[in-house]
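Biologist: I would like to go through this model with you before I return to the bench. Could you display it, please?

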Amino acid sequence: MTSQTEPKKIIIDTDPGIDDAMAIFLALRSPEIQVIGLTTIYGNVYTTLATRNALHLLEVAGRTDIPVAEGSHVTLTKGTKLRIADFVHGADGLGNQNFPPPNGKPIEESAAEFLVNQAKANPGKVTVVALGPLTNIALAIQMDPEFAKNIGQIVLLGGSFAVNGNVNPAAEANIFGDPDAADVVFTSGADILAVGINVTHQVVLSGSDREKLASSKGKFAQYLTGILEVYFSYHCDAYNTNGVYLHDPTALLAAVDPSLVTCTEGAVRVQTSGITRGLTILYNKQKRFEEVTKWSNMPTVKVAVTVDAPRVVKLVMDRLVA
Ligand SMILES: O=c1[nH]cnc2c1ncn2[C@@H]1O[C@H](CO)[C@@H](O)[C@H]1O
């Protein structure tokens, strides 16, 4: 046996997005993992722009060797009325910095095809880190009945377990973006770790952290300092804080080092209609209910309940300042 373990293969499903950009750069600076592809989805921006931003971020990083597969432009139920959070990230998704268009192009495979094919080629070895609405993952599950078994793990940023959402009191943005897809994913039987805003709202990059990034000469630090302004300004307006929540970086790091979070386990289902559309409910299986319902015999997933926030912020800073 060698002492060096092979880096974990990761596909990042992303809607870049300012905190997505942080997570992608963090992934590229994490020796424990190997990013084998980015797949794109709507959420913070529309899918076309997400693809453009993913290609752009890889060009900034000098990693055009990593393929980008474009994802769905509509929800799982073919809905076209999407909720796009450009008011959080800027009209371009990357803090309105007027970046030039990328030179690269997405590969021919769709995001769902890429996910299915990579999982099939490396059974049990690929982790998907899902940072947007879960449409592509649900499409992969529907496309290939073996996908849920072939995929190593799905670490997803989504849900607001037993706390208020960030779209409305019931729903978190990624689950709200495609609740039907989220319910398919949670009930698929895949190995799932859900990192919700009950956890990520504890992980804050402060104004002084941003100043440290600004004073670093590092390529990523400089780039992020520029795009973070819009994200800080949104958090100041919405939450009255001089700090931003590190949603996507926390989920990415939970995939790199699971000891950063502690979890509970149970079945998760998603409300798909009504005023609580997008609500995630965890059934902890402590009570055996008499009645057979849509909760009975559902597969168990892991849901993060605590996070070592200082260690996450330190990892983010150490890896992005360099
Ligand atoms: O208030 C909000 N509305 C919509 N999206 C948001 C908001 N705050 C953050 N995000 C974005 O949604 C994901 C976490 O739910 C993150 O990608 C974050 O950037």
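Biologist: Where is Lys 78 found?

Modeller: Please note first that this is a predicted model. Lys 78 is in the loop between strand 3 and helix 3.

Biologist: Is Lys 78 buried or exposed?

Modeller: Lys 78 is exposed, because its relative accessible area is 65%, and the cut-off for that term is over 50%.

Biologist: What is the phi value of Lys 78?

Modeller: Phi is near 70° for Lys 78, which is a positive value in a residue other than glycine. Asn 240 also has a positive phi, near 60°, and is likewise a residue other than glycine.

Biologist: And where is the place of Asn 240?

Modeller: Asn 240 lies in the loop between helix 11 and strand 8 (243–245). Asn 240 counts as exposed because its relative accessibility is 68%.

Biologist: Back to the loop between strand 3 and helix 3: is Thr 75, which is found there, buried or exposed?

Modeller: Thr 75 counts as buried, because its relative accessibility is 10% and buried means under 20%.

Biologist: What does the side chain of Thr 75 reach?

Modeller: The Thr 75 side chain reaches the backbone nitrogen of Gly 79, at 2.7 Å.

Biologist: Let us turn to the ligand. Where does the ligand sit?

Modeller: The ligand occupies the largest pocket. Around the ligand are 14 residues, and the closest are Asp 19, His 89, Asn 166, Glu 172 and Tyr 234.

Biologist: How do the residues of that shell divide into nonpolar, polar and charged?

Modeller: Six are nonpolar, four are polar and four are charged.

Biologist: Which helices each supply at least two residues of the shell?

Modeller: Helix 3 (86–89), helix 11 (219–239) and helix 12 (247–256) each do so.

Biologist: Which distances do you have from side chains to oxygen atoms of the ligand?

Modeller: An N or O atom in the Tyr 234 side chain is 2.4 Å from a ligand oxygen atom. For Asn 166, a polar side-chain atom lies 2.8 Å from an oxygen atom of the ligand, and for His 89 the corresponding distance is 3.0 Å.

Biologist: How much of the ligand's accessible area does the protein cover?

Modeller: On its own the ligand has 410 Å² of accessible area, and the protein covers 99% of that.

Biologist: One last topic: which residues does a cis peptide bond join?

Modeller: The cis bond joins Pro 16 and Gly 17, with omega about -10°. Gly 17 is in the loop between strand 1 (8–14) and helix 1 (18–28).

Key. Residues numbered from 1 in each chain as written. Predicted model: local features only at pLDDT ≥ 70, side-chain atom pairs only at ≥ 80, totals over all residues. Heavy atoms only, no water. Near = heavy atom within 4 Å. Polar contact = N/O pair within 3.5 Å; in protein donor to acceptor, adjacent residues only side chain to side chain. Areas by Shrake-Rupley, 256 points an atom, 1.4 Å probe, with all protein chains shown as cover. 1 Å grid on protein atoms, 1.4 Å probe; cavity = no way out; pocket = protein on both sides within 12 Å on 5 of 7 lines; lining within 4 Å. Sits in = over half its atoms within 2 Å of the grid points. Helix = DSSP H or I, 4+ residues; strand = E, 2+ residues; numbered from the N terminus. Nonpolar A, V, L, I, M, F, W, Y, C, P; charged D, E, K, R; others polar. Buried < 20%, exposed > 50% of the residue type's maximum accessible area, 1.4 Å probe, protein only.
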